[in-house]
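Trainee: I have a model open and want to work through it piece by piece. Can we go question by question?

Mentor: Yes. Start when the structure is up.

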Amino acid sequence: MSIDKNIARLRRAKSTRAHIRNLGVPRLTVLRTGQHLYAQLFSADGSKVLAAASTVQADVKEGLKNGKNSEAAAKVGRAIAEKAKAAGVEKVAFDRSGYRYHGRIKVLADAAREGGLQF
């Protein structure tokens, strides 16, 4: 990814994050790399990570061919939903970090919804 592309993505993400801050609910954020997918759940003020799941973790990686396909995204979505419920969180705001809502990002969001999270 070129630097310009990343700067544009972060610029898009900034307005979403400002809106989420005003909502005052925990924020589910995603990071997509070439090899892996990461999801983190931040507290409403953004000071604490309440839950995290990624394709790097052994329990998520188990049975996956690689960490960069939609099957892996679904598994991360289910894992983050499970951990969020354990932390007592049901309603979240989805921060897609400036990525387009399709492909792996959409699959992760759908899996998290199926797991019981509301956004």
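Trainee: Where is the place of Val25?

Mentor: Keep in mind that this is a predicted model. Val25 is in contact with Ala44, Lys91, Val92 and Ala93, leaving aside its neighbours within four places in sequence. Its own place is in the loop between helix 1 and strand 1.

Trainee: How far apart are the C-alpha atoms of Val25 and Gly116?

Mentor: Gly116 follows helix 4 and has a positive phi, near 110 degrees. Along the chain, Val25 and Gly116 are 91 residues apart. Their C-alpha atoms are separated by 16 Å.

Trainee: In what order do the 4 strands of the open sheet come?

Mentor: Begin at the edges. Strand 3 and strand 4 each pair on one side only, so they are the edge strands. The pairing in this open sheet is mixed. The order is 3-2-1-4.

Trainee: What does the twist average from one strand to the next?

Mentor: Take the sheet in its order, 3-2-1-4. From one strand to the next, the twist averages 15 degrees.

Trainee: How many bridges join strand 2 to strand 3?

Mentor: These two strands run antiparallel. Gln40 has Ala52 of strand 3 as its bridge partner. Phe42 stands opposite Val49 in strand 3. The number of bridges joining strand 2 to strand 3 is 5.

Trainee: Which residue takes a positive phi in the hairpin of strand 2 and strand 3?

Mentor: Look between the strands, where the hairpin has 6 residues. The positive phi there is near 80 degrees. The residue is Gly46.

Trainee: Is Ser54 buried or exposed?

Mentor: Ser54 sits in strand 3. Its contacts beyond four places in sequence are Leu37, Tyr38, Val60 and Val76. Its relative accessibility is 8%, and the cut-off for buried is under 20%, so Ser54 is buried.

Trainee: At what angle to strand 3 does helix 3 run?

Mentor: Helix 3 lies across strand 1, strand 2 and strand 3. Helix 1, for its part, lies across strand 1 and strand 4, at about 160 degrees to strand 4. For helix 3 against strand 3, the angle is about 155 degrees.

Trainee: Which residues have the most contacts inside the largest nonpolar core?

Mentor: This core has 23 residues. Strands 1, 2 and 3 and helices 3 and 4 each supply at least two of them. Helix 3 gives the most, with 6 residues. The residues with the most contacts inside the core are Leu28 and Leu108.

Trainee: What does Leu28 touch, leaving out residues up to four places away in sequence?

Mentor: Work along the chain. Leu28 touches Ala39, Gln40 and Leu41, among others. Farther along, its partners include Ile80, Val92, Ala93, Phe94 and Asp95. The list also includes Ala112, Leu117 and Phe119.

Trainee: Why do the buried residues of helix 4 line one face of the helix?

Mentor: The buried residues are Arg104, Ile105, Leu108, Ala109, Ala111 and Ala112. They line one face because, seen down the helix axis, they fall within an arc of 165 degrees. They pack against strand 1, strand 2, helix 3 and strand 4. The value behind the one-face answer is the arc of 165 degrees.

Trainee: Which residues form one aromatic cluster?

Mentor: The whole structure holds 2 aromatic pairs. Phe94 and Tyr101 are edge-to-face, 6.3 Å centre to centre with 80 degrees between the planes. The rings of Phe94 and Phe119 have centres 5.2 Å apart and planes at 25 degrees, so that pair is stacked. The cluster is Phe94, Tyr101 and Phe119.

Trainee: How many residues apart in sequence are the parts that the pair of Phe94 and Phe119 ties together?

Mentor: Phe94 is buried, at 14% relative accessibility. Phe119 is partly exposed at 30%, and Tyr101 is partly exposed at 35%. Phe94 lies in strand 4 and Phe119 in the segment after helix 4, so the pair ties together parts that are apart in sequence by 25 residues.

Definitions and conventions: Residues numbered from 1 in each chain as written. Predicted model: local features only at pLDDT ≥ 70, side-chain atom pairs only at ≥ 80, totals over all residues. Heavy atoms only, no water. Core = buried A, V, L, I, M, F, W, Y, C linked by side-chain atoms within 4.5 Å. Buried < 20%, exposed > 50% of the residue type's maximum accessible area, 1.4 Å probe, protein only. Contact = heavy atoms within 4.5 Å. Arc of directions from axis to C-beta. Phe/Tyr/Trp six-rings, centres within 6.5 Å; stacked < 30°, edge-to-face > 60°. Axes fitted to C-alpha atoms, helices over the stretch in contact; angles between N-to-C directions.
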